[in-house]
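Q: Please take one part of this structure and go through it closely, step by step. I would like to know where it sits, what surrounds it, and how the neighbouring parts are arranged.

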Amino acid sequence: MEQTALRPKPMPGQETGGRKPGPARRPHAARRRGRRLTTLLSGLFVAAVLVLSGVGLGTVGATVIGMSRLAELQRQVGLHPGGPSASVHPSPSPSSATPTPAPSTAPAVATLGLEVVDAERSGALVVGVHVPGPGFTAGLVRGDVLLGFGRTRIDTADDLARAVADARSGREIVLTVRHRGGGYQQLTAVPGVVT
């Protein structure tokens, strides 16, 4: 076969010698592919860890904020974190005899078994429902906003705490609720007693 301008003569050492013409062979390409794959997989792993830790931190942060608001509401109502019969005095040393609890002189406090915070507009946003409890039995779920407790209008979580504290346990009360989806409903609840 004769050489033409379109098919130049090969350089010495690059004769095809029985090999099929094609792209040049690169011996290190496989290592490069392996490094790229390792880098990609480790990047995805780090991204997943960062996303999951962010979700976890956000959840913990929301819980801490909700619990601090709940503790603030309990302080305003007059409950101590240990309950109405919690002792203010330091406990005796562990070597002494078993202490006898002091009798509670506080009246029974009515409860709905809910954890609430102030809603964005008006009302008390339910962030937790105790199961079993009066709120659960009435049909309240997390995300509901309480707007009315009997004839009392609820603008904040403090209003709800005061209304529940003033209510008598065992008597039915009508709750006006705005659900997460936007619908309104009136539910009947029977406040209970914390024991």
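A: The answer below starts with the whole chain, then turns to one residue and its surroundings.

The model is predicted. Its chain contains three helices and eight strands, in the order α-β-β-β-α-β-β-α-β-β-β along the sequence. Of the 195 residues in the chain, 22% are buried. Among contacts with a separation of 6 or more, 47% are between residues 24 or more positions apart. The chain exposes about 14,900 Å², and carbon and sulfur atoms supply 59% of that area.

The part chosen for a close look is arginine 178, which lies in strand β6. Strand β6 covers residues 173–178 and runs antiparallel to strand β7, residues 184–189, with six bridges joining the two. Within this pair, valine 174 stands opposite threonine 188 in β7. The two strands form a hairpin with five residues between them. In the turn of that hairpin, glycine 182 has a positive phi of about 105 degrees.

Arginine 178 is buried yet has no salt bridge. The nearest side chain of opposite charge is that of glutamate 120, and it is 7.9 Å away. A salt bridge needs a side-chain nitrogen of Lys or Arg within 4 Å of a carboxyl oxygen of Asp or Glu. Leaving aside residues up to four places away in sequence, arginine 178 touches Arg121, Ser122, Asp144, Val145, Leu147, Gly183 and Tyr184.

One of these contacts is leucine 147, which lies in strand β4. Leucine 147 has a relative accessible area of 16% and is therefore buried; the cut-off for buried is under 20%. With residues up to four places away in sequence again left out, leucine 147 touches Ser122, Gly123, Thr152, Arg153, Ile154, Thr176, Arg178 and Tyr184. Ser122 and Tyr184 are thus among the residues touched by both arginine 178 and leucine 147. Leucine 147 and glycine 123 are 24 residues apart in sequence, but their C-alpha atoms are 4.8 Å apart in space.

Glycine 123 leads to a second hairpin, that of β2 and β3, which has five residues between its strands. Here glycine 123 takes a positive phi near 110 degrees. Strand β2, residues 114–118, and strand β3, residues 124–129, run antiparallel and are joined by five bridges. In this pair, glutamate 115 stands opposite glycine 128 in β3. Strand β3 also pairs with strand β4, residues 145–149, through two bridges, and these strands run antiparallel as well. The bridge partner of alanine 124 in β4 is leucine 146.

After β3 the chain enters a loop that holds proline 132 and ends at α2, residues 134–138. The peptide bond between valine 131 and proline 132 is cis, with omega of about -10 degrees.

Arginine 178 lacks a salt bridge, but a search of the whole structure finds two. In one, the side chains of arginine 153 and aspartate 155 meet at 2.9 Å, N to O. Arginine 153 is among the residues touched by leucine 147. At 62% relative accessibility, arginine 153 counts as exposed, while aspartate 155, at 30%, counts as partly exposed.

In the other salt bridge, aspartate 159 joins arginine 162, with the closest N and O atoms 3.0 Å apart. Both residues lie in helix α3, three residues apart, about one turn of the helix. An α-helix has 3.6 residues a turn, so residues three or four places apart point the same way. Arginine 162 is partly exposed, with a relative accessible area of 48%, whereas aspartate 159 is buried.

Helix α3 covers residues 157–166, and Ala157, Asp159, Leu160, Ala163 and Val164 are buried in it. Seen down the axis of α3, these buried residues fall within an arc of 155 degrees, so they line one face of the helix.

The loop between α3 and β6 brings the account back towards the starting strand, and arginine 168 is placed in this loop. With 54% relative accessibility, arginine 168 counts as exposed, in contrast to the buried arginine 178. The C-alpha atoms of arginine 168 and proline 191 are separated by 7.3 Å, and the two residues are 23 residues apart along the chain.

How values were computed: Residues are numbered from 1 along each chain as its sequence is written. This is a predicted model: local features need pLDDT of at least 70, side-chain atom pairs count only at pLDDT 80 or more; totals for chains, interfaces and linings use all residues. Side-chain values use heavy atoms; hydrogens and water are left out. Two strands pair if DSSP finds at least two bridges between them. Helices (H or I, at least four residues) and strands (E, at least two) are DSSP runs, numbered from the N terminus. Buried means under 20% relative accessible area, exposed over 50%, partly exposed in between (1.4 Å probe, protein chains only). The arc is that of the directions from the helix axis to the C-beta atoms. Lys and Arg count as positive and Asp and Glu as negative; His and the chain ends are not counted. Contact means heavy atoms within 4.5 Å. Accessible areas come from the Shrake-Rupley method with a 1.4 Å probe; for residues, only the protein chains shown count as cover.
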